[in-house]
Structures are given as C-alpha cells and as structure tokens.
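Colleague: Could you take a close look at the aromatic rings in this model and walk me through them carefully? Please begin with how far the prediction can be trusted.

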Amino acid sequence: MGRRVGSLPSGRNLTSGRKLRKFEALLRKERAEVLGLLAAWPGAETDAVGYGHTHPAEVASALYDHEEALSVKAWLLHRLVEIDAALQRIRDGTYGRCEVCGMPIEPGRLEALPTARLRVECQERLEREPQHGEPQHGC
C-alpha cells in the first residue's frame, strides 16, 4: 500500500488542506504580479537601432538597454511557466514531490520557493553532475 501523494512518513500531509491552499494562493498571487508586469511592459518589439541615435556610443547604449529589457522579459515569461507548472502539479496531486526521486520536498524549500520541483539534495546532484541523457533517479 503506497502513501498518498504529498504525505509524509509520519502521517502528516505537507501538501493538503490549509498548507496546499496557502501554496496555491502564493502561486496565484505571484502569477498575477508577473502578468501585471508583462502587461505593463514597454513594447520589446521596438528596434533598438531605430531610436534615432547616430553616435556609435549612443547606439551601443541603446542596444545594451534593449538586450537587458529582453532578458528581463524572458525571465518573467520563464517565471510564469514555472508558476503555471506548479499550479498544474497542485491540480494533478503531485505538488511537493521531487520529480527525480519522488520523496517529499523539504517544507522550508517550498516555503522559500513554491515552484520547486526537486529536493535540495537532488537539485545539488543535478547541478554537480554533467548532463548525459536521462537524469538519474533516486537521491
């Protein structure tokens, strides 16, 4: 007989009831904030060279600013994908479980990073080891 997704060996359930609703509320709030920032984002489609600059230093500065803005926007879009994935894991009943080993993700890690997919130990292992095909399962 297997344990229910999100349940801890002690019988406490990390990701059910109030705790799960708390994480879902945090994720929904962050999602709304990210969407708000993206909605207010100035048009990144503007050509950086088309700002009317003629001096090479002004063009270089405009290009740098444009590239930096695109990087921030890309980060926001990535963050939105991570938030949506975490919300989907809540709906699927897999939230709070490490995607590598299947063990519960540390409560403090989820508190600090509600979008966490991996336990700290598995994350550190993946960061240390070079990627050669499929990730190893089990920590």
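Modeller: This is a predicted model, and its mean pLDDT over the protein is 81, with 73% of the residues reaching 70 or more. Among the helices, confidence is lowest in helix 2 (residues 56–92), where the mean is 89, and highest in helix 3 (residues 107–112), where the mean is 94. Over residues 1–12, by contrast, pLDDT stays under 50, although the model has 21 contacts beyond four places in sequence for that stretch.

Turning to the rings, the structure holds one aromatic pair. Phe23 and Tyr95 form this pair, with 5.5 Å from centre to centre and 50° between the planes, and the pair is tilted. The angle of 50° is neither under 30 degrees, as stacked would require, nor over 60, as edge-to-face would require, and therefore the pair falls into the tilted class. The two partners come from distant parts of the chain, since Phe23 belongs to helix 1 (residues 17–39) while Tyr95 sits in the loop between helix 2 and helix 3, 72 residues apart.

As for accessibility, Phe23 counts as buried because its relative accessibility is 0%, and Tyr95 likewise counts as buried, at 2% relative accessibility.

For the neighbouring helix 3, one residue can be described further, namely Arg109, which is placed in that helix. Leaving aside residues up to four places away in sequence, Arg109 touches Ala116, Leu118, Arg119, Val120 and Gln123. Between Arg109 and Gly96 there are 9.7 Å in space, C-alpha to C-alpha, with the two residues 13 apart in sequence.

Definitions and conventions. Residues numbered from 1 in each chain as written. Predicted model: local features only at pLDDT ≥ 70, side-chain atom pairs only at ≥ 80, totals over all residues. Heavy atoms only, no water. pLDDT = per-residue confidence, 0-100. Helix = DSSP H or I, 4+ residues; strand = E, 2+ residues; numbered from the N terminus. Contact = heavy atoms within 4.5 Å. Phe/Tyr/Trp six-rings, centres within 6.5 Å; stacked < 30°, edge-to-face > 60°. Buried < 20%, exposed > 50% of the residue type's maximum accessible area, 1.4 Å probe, protein only.
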